[in-house]
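This report covers strand pairing, aromatic contacts and nonpolar cores. Please have the sequence and the model at hand.

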Amino acid sequence: MTTGKFWLACLVAMAGLSAQAQSTQTVKMVVTANGDAYEYLGESADKYHVMGQDDGWVDKTTSKIELWSAAKGKGWVCGRKANGTVNIRQRPDTHAPVIGQLVSQKGDIPDSARCLGVEDGWYRVGYNGTTGYVKASVAHWRARSID
C-alpha cells in the first residue's frame, strides 16, 4: 500500500469512528411543559441552568430532564462541511434516490433535519413530511437546533 492510500484509509476509518461516536453520544436536555428543549448546564435548588440561544434558567416544577441521542431519535442532523451539500436519500443506500439536501454555506446557518434514529451508519431524518436517510460519515448530530 502506498503512503497516500494508507493515509486515505486512515481518514476514512476516522470519519467512520467519528460518526459512530456521534450516534452513541448522549446529551442531558431540559424539556419544558410546552415542549421547548434546552441543553442542561447545571441547577440550583428550584431551577435548571440551561443553554438555548443564550444561557438562562428554567423552573424545575414545570420541566423535566431527558437524555437525548441520535439513537433515541432526538435532536438534529446537519452537514459536516462549512460549504457543502449533503444528500437526503429515500433509503439508507448511497444508490437510493435523493429526496432532498442539507446545504451549508459559510456565514449562514446550515440546513438541518430532525433526527428520527440511527440505522447501520445512517441517520434517519424527518424531511418535508417524509422519512429520509443521511449518511452519518458526512453529517453531524446535535441535540439542539442551530437555527
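## Strands, rings and cores

K47 stands opposite D59 in β4. The model is a predicted one. K47 belongs to β3, residues 47-51, and five bridges join this strand to β4. The two strands run antiparallel. A hairpin of three residues links β3 to β4.

On its other pairing, β3 meets β2, residues 37-43, through four bridges. This pair is antiparallel too. Here G42 stands opposite H49 in β3. β2 and β3 also form a hairpin, with three residues between them.

The two pairings compare as follows.

| Strand pair | Bridges | Direction | Opposite residues |
|---|---|---|---|
| β3 and β4 | five bridges | antiparallel | K47 and D59 |
| β2 and β3 | four bridges | antiparallel | G42 and H49 |

Both pairings sit in an open sheet of five strands. Its order is β4-β3-β2-β1-β5, with antiparallel pairing. β4 (55-59) and β5 (63-68) have a single partner strand each, so they stand at the edges and one side of each lacks a neighbour in the sheet. From one strand to the next, the twist averages 50 degrees.

Which side chains of β3 are buried? Y48 and V50 are, and they point to one face. K47, H49 and M51 point to the other face and are not buried.

Y48 leads on to the aromatic residues. The count is one aromatic pair. The ring centres of Y40 and Y48 lie 6.1 Å apart and their planes meet at 65 degrees, so the pair is edge-to-face. The cut-off for that label is over 60 degrees. Y40 and Y48 are both buried. Y40 has a charged companion as well: the charged end of K28 sits over its ring, 4.4 Å from the centre.

Now the cores. The largest nonpolar core has 18 residues. V77, L102, C115, Y123, V125, V134 and W141 have the most contacts inside it. Elements giving two or more residues are β1 (27-32), β7 (84-89), β9 (113-119), β10 (122-127) and β12 (139-142). β1 gives the most, with three residues.

What does V77 touch beyond its neighbours within four places in sequence? Its contacts include L102, C115, Y123, V125, V134 and W141. Others among them are D111, S112, A113, A139 and H140.

A second, separate core has five residues. V30, Y40, Y48 and V58 are among them. Y40 and Y48 thus appear in this core and in the edge-to-face pair.

Technical notes:
Residues are numbered from 1 along each chain as its sequence is written. This is a predicted model: local features need pLDDT of at least 70, side-chain atom pairs count only at pLDDT 80 or more; totals for chains, interfaces and linings use all residues. Side-chain values use heavy atoms; hydrogens and water are left out. A nonpolar core is a set of buried Ala, Val, Leu, Ile, Met, Phe, Trp, Tyr and Cys residues joined through side-chain atoms within 4.5 Å. Buried means under 20% relative accessible area, exposed over 50%, partly exposed in between (1.4 Å probe, protein chains only). Contact means heavy atoms within 4.5 Å. Rings of Phe, Tyr and Trp (its six-membered ring) pair if their centres lie within 6.5 Å; planes under 30 degrees apart count as stacked, over 60 as edge-to-face and the rest as tilted. A charge sits over a ring if NZ of Lys or CZ of Arg is within 6 Å of the ring centre and within 35 degrees of the ring normal. Two strands pair if DSSP finds at least two bridges between them. Axes are lines fitted to C-alpha atoms, for helices over the stretch in contact, and angles run from 0 to 180 degrees between N-to-C directions.
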